[in-house]
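Here are some exercises to work through with the model open beside you. Try each task before you read its solution.

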Amino acid sequence: ERHSVLETAYAQLGKPYKWGAVGPKKFDCSGLTRYAWAAAGVKIPRVSRWQYRELEHVPLKDARPGDLVFFGKPRIHHVGIYLGPNKMLHAFRTGDFVKISGFVREFVGVARPELA
């Protein structure tokens with residue numbers, strides 16, 4: 001359920017970013033989103049652009065906590081977990097940690113993994 005996605009995501013706050021890492025000690029952006037959704041029993045693709053391509057898109061105005069928000073034009077390169085208006089939980093870049101922040105530049109859209 002969506003609650004376990006958010007609970008799992010919040011439990012990763014402060015863990016270091018590492019490109020290509022899928023947890024549980026280090027994460028990159030899509031590794032974190034995949035890890036959080038796996039806690040709800042939902043398997044999503046490994047890479048952010050694959051996640052956006054394969055998941056159902058929803059308008060930003062309809063986004064719910066736990067949905068995924070995507071960034072990067074012309075090519076998606078970042079994903080975070082939506083928490084509320086202009087707020088997400090994400091693993092951003094080398095030298096950083098899993099954190100909560102506002103949206104980064106080049107917002108592309110929102111996608112919603114399907115709960116079983």
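The exercises below go from the sheet to the helices, and then to the aromatic rings and a single residue.

This is a predicted model, in which local features need pLDDT of at least 70 and side-chain atom pairs count only at pLDDT 80 or more, while totals for chains, interfaces and linings use all residues. Residues are numbered from 1 along each chain as its sequence is written, and side-chain values use heavy atoms, with hydrogens and water left out.

**Exercise 1. The sheet**

Task: work out the order of the strands in the sheet, and find which strands stand at the edges.

Solution. Begin with the elements: helices (H or I, at least four residues) and strands (E, at least two) are DSSP runs, numbered from the N terminus. Two strands pair if DSSP finds at least two bridges between them. Six strands form an open sheet, ordered E1-E6-E2-E3-E4-E5, with antiparallel pairing. Strand E1 (56–58) and E5 stand at the edges with a single partner strand each, so one side of each has no neighbour in the sheet. From one strand to the next, the twist averages 40°.

Now look at one hairpin. Strand E4 (residues 87–91) and strand E5 (residues 98–101) pair in the antiparallel sense over four bridges, and Ala91 has Val98 in E5 as its bridge partner. Six residues lie between these strands, and Gly95 in this hairpin takes a positive phi near 90°.

**Exercise 2. Helix H2 and its surroundings**

Task: decide how far helix H2 is enclosed, and describe how H1 packs against H2.

Solution. Start with burial (buried means under 20% relative accessible area, exposed over 50%, partly exposed in between, with a 1.4 Å probe and protein chains only). Seven of the ten residues of helix H2 (residues 29–38) are buried, so H2 is largely enclosed by the rest of the structure. Among them are Cys29, Leu32 and Trp37. The cover over the buried residues includes helix H1 (2–10), helix H3 (48–54), E2, strand E3 (78–84), E4 and E5.

Next, take the helix pair. H1 and H2 pack at an angle of about 135°, their axes 7 Å apart; axes are lines fitted to C-alpha atoms, for helices over the stretch in contact, and angles run from 0 to 180 degrees between N-to-C directions. The two helices are therefore oblique to each other (under 35 degrees is roughly parallel, over 145 roughly antiparallel, 65 to 115 roughly perpendicular and the rest oblique). Contact means heavy atoms within 4.5 Å, and residues making it here include Val5 of H1 and Trp37 of H2.

**Exercise 3. Aromatic rings**

Task: how do the rings of Phe71 and Phe107 pair?

Solution. Rings of Phe, Tyr and Trp (its six-membered ring) pair if their centres lie within 6.5 Å; planes under 30 degrees apart count as stacked, over 60 as edge-to-face and the rest as tilted. The structure holds six aromatic pairs. Phe71 and Phe107 are edge-to-face, 5.8 Å centre to centre with 65° between the planes. Phe71 lies in strand E2 (residues 68–71) and Phe107 in strand E6, so this pair ties together parts 36 residues apart in sequence. Phe103 and Phe107 have ring centres 5.5 Å apart and planes at 15°, so that pair is stacked. Phe71, Tyr82, Phe103 and Phe107 form one aromatic cluster.

**Exercise 4. Val110**

Task: is Val110 buried or exposed?

Solution. Val110 lies in strand E6 (residues 107–112). With a relative accessible area of 2%, Val110 is buried. Beyond its neighbours within four places in sequence, Val110 contacts residues including Tyr52, Leu60 and Leu68. Val110 is also the bridge partner of Val69.
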